[in-house]
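Visitor: I'm new to this one, so could you walk me through how its labels are earned? Let's have it in front of us first.

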Amino acid sequence: MTVMGENSGTGIRILFAEARSLVFQVTDAEGDYETEAYEVRVNGAHRFTSCKTIETIYDLKPDTLYRIGIMRGGSCSGEARICTKKEFVVLNVRDFGARGDGVTDDTLSIQAAILTCPPESRVLVPAGTFRFTSLFLKSNITLEISRDAVLSAIPDSGRIPVLPGRIDSCDGKGEFLAASWEGEPRDSYAGLLTGMYVENVVICGQGVLEGNADFTNWWTYEKLKGTPARPRMLFLNHCKNVVVQGITVRNAPAWNLHPYFSEHLGFYDLHIESPEASSNTDGLNPESCRDVEIAGVFFSVGDDCIAVKSGKLYMGKTYRTPSRDILIHNCLMEKGHGGVTIGSEIGAGVDNIVIRNCRFVNTDRGLRVKTRRGRGKDSYLQGIVFDGVKMEGVLTPFVINCFYFCDPDGKSEYVSSKEKLPVDQRTPGVGEVVIRNVICRDCHVAGVYVYGLPESPVEHILMENVRIAFAENALEGTAAMMSGCEKCSRKGIFIRNAKRVTMRNVELRGYEGEALDIAAVDEWERM
């Protein structure tokens, strides 16, 4: 990608460009997922109007210089120049035998087009419904699901390959981990789209990746020992320089997008949708990944919208690869367990996770940190910044839970005890968490619920310019998934076991009982 004058003037920033489309961010006005309406002009000609802060321009030509302008009230409020990428050939999957009639299994034809595609070229899925089981990506290609095209999965487990969780190396000194489930190597059905050690890949377009999961197939699939885990919609294993842009991803068998030990990733202007009651349909779960940008994505799912992970104890201790340098901005989360979750499979920790200018609507929690004894000393969570976020109807906006009761031993005395236990190899830690410039309205259960470990208190909680208002008819619920957390409603700010708490310009409205219930905090500054 060649960007010329990317930051020229004010008001527009190019996030990504390929041969036939580009993604830009409007920066000339305040906004989260949306901003005030504006006109987009390409080379001076009107293209469309929008109110989204992250938008895509389609139908461009390869290797062409464009002038992109943002107009408000008849005057230019931002301009950038961009030269699109070169492109060698376009391979239409219909030319490889795919029918797109919604009946024929087109897997082999589409896979043939992918394997045939030369570097710097495009595999085009045109309008139609193309049924398939699973597809494997290769390096240096673009896969476009075009407008009115649907890649429609066949939900038949007997026709989907299984990826082994662990394969010993030939010399007996190493291992190859082809698949993962909830932080551990485990045999899994291949992703509907799978990338294994690929790089320089773009998956884009205005079409739909349809998982066709429902309660007659994948959502009632039992987690039985010895059976493969459900497929992800997109699984990226040890991949580099991958962008997913524009498409709608819906009705996933399990997690929607799961990058694993991958780096230099972009997820732009996506729609990720699954019913509220669907099982384990997390939106986007980067696991042991670095340099990830998630921008302008709409989520409405049955589990966490975004869950940042780094494996359970074995993976964390063996590979020590945290998730780091992740920027999440200008996204909209409507429904889901957590807007942005850190954990719980977090054995190698996280470092530098920034959530900025997003909007959460009717999620169970906003920022949700989940860890527990047993995650290990390498599980240190630091550099978590939550800035410029608006929440509406969120049950509990902020939760830091160091007693998360997952796994078979989750309610054991070791995990659940509130007594100070010895610090050892199993003890995790939480560093600084920054929450600033946040407005929460119509909350229900609790405003802030923090319960650190007594033997490993949270290092620092900074809250600055935070407004939390509860709904008049607030619901009752459990703020955190931990033993001993009783149901409540309109609980203000609850904090246990922190080294330092700083509150500057924090306002609570509509709470019941004490506004501040803070104990076992070494240093508390309130302004």
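Visitor: What makes cysteine 402 count as buried or exposed?

Guide: Keep in mind that this is a predicted model. Cysteine 402 has 3% relative accessibility, and buried means under 20%, so cysteine 402 counts as buried.

Visitor: And how many disulfides does the structure hold?

Guide: Zero. Take cysteine 402 again: the nearest cysteine sulfur, that of cysteine 406, is 12 Å away. A disulfide needs the two sulfur atoms within 2.5 Å, so cysteine 402 is in no disulfide. Cysteine 76 is in none either, with the sulfur of cysteine 51, the nearest, 19 Å away.

Visitor: Why is cysteine 76 called partly exposed?

Guide: Its relative accessibility is 44%. Partly exposed runs between the 20% and 50% cut-offs, so that's the label for cysteine 76.

Visitor: What puts tyrosine 197 in a surface patch?

Guide: Patch residues need over 30% relative accessible area, and tyrosine 197 has 47%. Ile167, Phe176 and Tyr197 form the nonpolar patch, with about 270 Å² of accessible area together. Tyrosine 197 is found in the loop between β22 (193–196) and β23 (199–204).

Visitor: How do you know that β13 and β22 pair?

Guide: Pairing takes at least two bridges, and these strands have two, in the parallel sense. Phenylalanine 136, for one, has threonine 194 in β22 as its bridge partner.

Visitor: Which strands stand at the edges of the open sheet?

Guide: The order is β13-β22-β25-β28. β13 (135–136) and β28 (257–260) each have a single partner strand, so one side of each lacks a neighbour in the sheet.

Methods:
Residues are numbered from 1 along each chain as its sequence is written. This is a predicted model: local features need pLDDT of at least 70, side-chain atom pairs count only at pLDDT 80 or more; totals for chains, interfaces and linings use all residues. Side-chain values use heavy atoms; hydrogens and water are left out. Buried means under 20% relative accessible area, exposed over 50%, partly exposed in between (1.4 Å probe, protein chains only). Patches are made of residues with over 30% relative accessible area and no salt bridge: like charges are joined within 9 Å, nonpolar side chains (Val, Leu, Ile, Met, Phe, Trp, Tyr) within 5 Å. Accessible areas come from the Shrake-Rupley method with a 1.4 Å probe; for residues, only the protein chains shown count as cover. A salt bridge is a side-chain nitrogen of Lys or Arg within 4 Å of a carboxyl oxygen of Asp or Glu. Helices (H or I, at least four residues) and strands (E, at least two) are DSSP runs, numbered from the N terminus.
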